[in-house]
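Reader: I would like a close look at a single part of this model. Please take one strand and its surroundings, and then go on to the ligand.

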Amino acid sequence: MLVNRKAAGRVASGHPWIFSSDVVDRGAAAPGDAVRVVDPGGRLLGTAHYSSSSLISLRMLSRRPQAVDSAFLLGRLQAAEAHRRLVVRGSDAYRVVFGEADQLPGLVVDRYGDCLVMQTLDQGMDRQTAAIAECLVEIFTPRAVVARNDASVRSREGLPLETRVLYGQVPEDVRVTMNGLRLQVDLMGGQKTGIFLDQRENHLAAARWARGKALDCFTCTGGFALHIAAQCETVEAVDSSAAALETARTNAEANGISNIHFLEANAFDLLAGHAAAGRRFQTIVLDPPAFAKSRSAIEGALRGYREINLRGLKLLDAGGVLITCSCSHHVSEAMLLEAVAQASLDAGRTVRVLERRTQALDHPILLTVPETHYLKCLVLQVV
Ligand code: SAH
């Protein structure tokens with residue numbers, strides 16, 4: 001497949017995506033084919049998966065001519081798991097494959113104990129589903145492999161949204177052990193692939209700083225709340241999803257935690273109500289869903305982050321801790337810091353930075369692929 005100079009430059013700069021406007025000649029490539037990519041000078045750039053419908057036409061798999069077969073996939077998957085053995089501590093739930101960051105663009109694999117959940121997010125990886133599942137069975141001998149292909153990005157690839165079991169049987173009750181907590185996971189229906197694994201290390205960090213009366217906004221299945229409960233008098237944990245809260249409650253009970261009060265509510269309204277009622281907290285967690293899903297949404301997202309952090313800061317006592325997150329790739333850490341700084345001025349509070357954190361190490365960040373760095377987590381303290 002022939003691409004222009006711009007695409008060649010992009011590949012040379014270490015980025016695996018080639019946009020459809022930079023493809024000069026598609027040849028006879030069929031949707032999802034592994035193709036050889038060539039620059040205008042006839043030089044081979046490498047091997048890529050071709051998508052016939054996405055704006056991202058090519059995702060580089062290798063800088064060499066490469067048969068994309070079971071042996072290739074097995075090698076990449078084994079390398080990904082080997083890295084997790086180095087970086088994952090205290091959890092049998094973690095991300096085994098993080099797409100581009102593991103040189104397997106379009107593929108996500110999460111491990112939950114002896115079950116695996118995979119997502120194939122482009123045409124090429126989707127066609128390799130059976131081969132990938134076989135490799136996973138070989139590496140992990142799991143009880144089940146599930147395809148959670150209900151992620152909306154698949155629509156851009158013309159792929160159906162569906163969830164199905166590819167191998168084995170999913171147990172009624174999937175439980176994992178993370179940071180000393182026993183957690184139930186809804187593999188087939190939970191948000192993302194079940195748990196927000198990317199916050200695993202930030203949950204521990206939060207537990208180091210949390211105390212007093214705490215408020216965990218956007219708690220989902222209780223990630224932060226469950227981790228900080230032992231350090232706090234009480235935790236109010238809020239989410240708009242009843243199903244997520246149901247799992248969170250089960251998890252609290254299973255771990256003998258009784259000082260969390262779960263509440264189904266809109267976090268924005270709840271924060272406003274608490275301010276009006278003069279409620280005070282010593283610890284607040286803000287972990288909202290991505291406010292900026294595209295570049296054009298950045299301005300609106302920054303207003304959202306300013307607003308929510310303003311509301312949070314107003315509720316904190318002096319000395320109080322704010323753990324505030326953004327999972328929008330388009331909002332950089334610098335932008336988030338600035339939004340929260342503005343919020344602190346508006347709230348009339350002086351705020352110091354205790355920690356600047358990011359996604360857990362099983363979601364690796366590649367230096368030349370900025371999209372792989374998406375999660376920001378600031379631990380702040382009101383002076
Ligand atoms: N803190 C969680 C992950 C949060 S994901 C953890 O560490 O595991 C974001 C959550 O925000 C989702 O559970 C979603 O249901 C919830 N949510 C989205 N909009 C909301 C709103 N307006 N009010 C409250 N919760 C909301």
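Author: In this predicted model, Cys217 stands opposite Val238, a residue of strand S15. The two strands involved are S14, which covers residues 212–217, and S15, which covers residues 232–239. S14 and S15 run parallel and are joined by six bridges. Between them the chain passes through helix H6, leaving S14 and arriving at S15, and this β-α-β crossover is right-handed.

S14 has another partner. Strand S17, made of residues 281–286, pairs with S14 in the parallel sense, here over four bridges. Cys217 appears in this pairing too, where it stands opposite Leu286 of S17. Cys217 thus stands opposite Val238 in S15 and opposite Leu286 in S17. As for cover, S14 is mostly shielded, with five of its six residues buried.

The ligand can be taken next. Its surroundings comprise 18 residues, and the closest are His203, Phe218, Asp239, Ala267 and Asp287. Asp239 belongs to the range of S15, which spans residues 232–239. An N or O atom in the side chain of Asp239 lies 2.7 Å from an oxygen atom of the ligand. For Asp287, the side chain places an N or O atom 2.7 Å from a nitrogen atom of the ligand. The side chain of Asn266 also has an N or O atom at 3.5 Å from a ligand nitrogen. The ligand exposes 580 Å² when taken alone, and the protein buries 88% of that.

Two helices each supply at least two residues of the shell around the ligand: H6, residues 223–228, and H8, residues 267–276. H6 is also the helix of the crossover from S14 to S15. Ala267, among the closest residues to the ligand, falls within the range of H8 (267–276). By residue class, the shell divides into eight nonpolar, eight polar and two charged residues.

One further site concerns a loop. Asp122 sits in the loop between strand S9 (115–120) and helix H3 (123–127). Its relative accessibility is 2%, so Asp122 counts as buried, the cut-off being under 20%. The side chain of Asp122 reaches the backbone nitrogen of Gly124 at 3.2 Å. Gly124 lies within the range of H3, residues 123–127.

Terms used: Residues are numbered from 1 along each chain as its sequence is written. This is a predicted model: local features need pLDDT of at least 70, side-chain atom pairs count only at pLDDT 80 or more; totals for chains, interfaces and linings use all residues. Side-chain values use heavy atoms; hydrogens and water are left out. A residue is near a molecule or strand if one of its heavy atoms lies within 4 Å of it. A polar contact is a pair of N or O atoms within 3.5 Å; within protein, one must be able to donate a hydrogen and the other to accept it, and residues adjacent in sequence count only if both atoms are side-chain atoms. Accessible areas come from the Shrake-Rupley method with a 1.4 Å probe; for residues, only the protein chains shown count as cover. Ala, Val, Leu, Ile, Met, Phe, Trp, Tyr, Cys and Pro count as nonpolar, Asp, Glu, Lys and Arg as charged, and the others, Gly among them, as polar. Buried means under 20% relative accessible area, exposed over 50%, partly exposed in between (1.4 Å probe, protein chains only). Two strands pair if DSSP finds at least two bridges between them. A crossover is right-handed if, with the strands pointing away from the viewer, the path from the first strand over the helix to the second runs clockwise.
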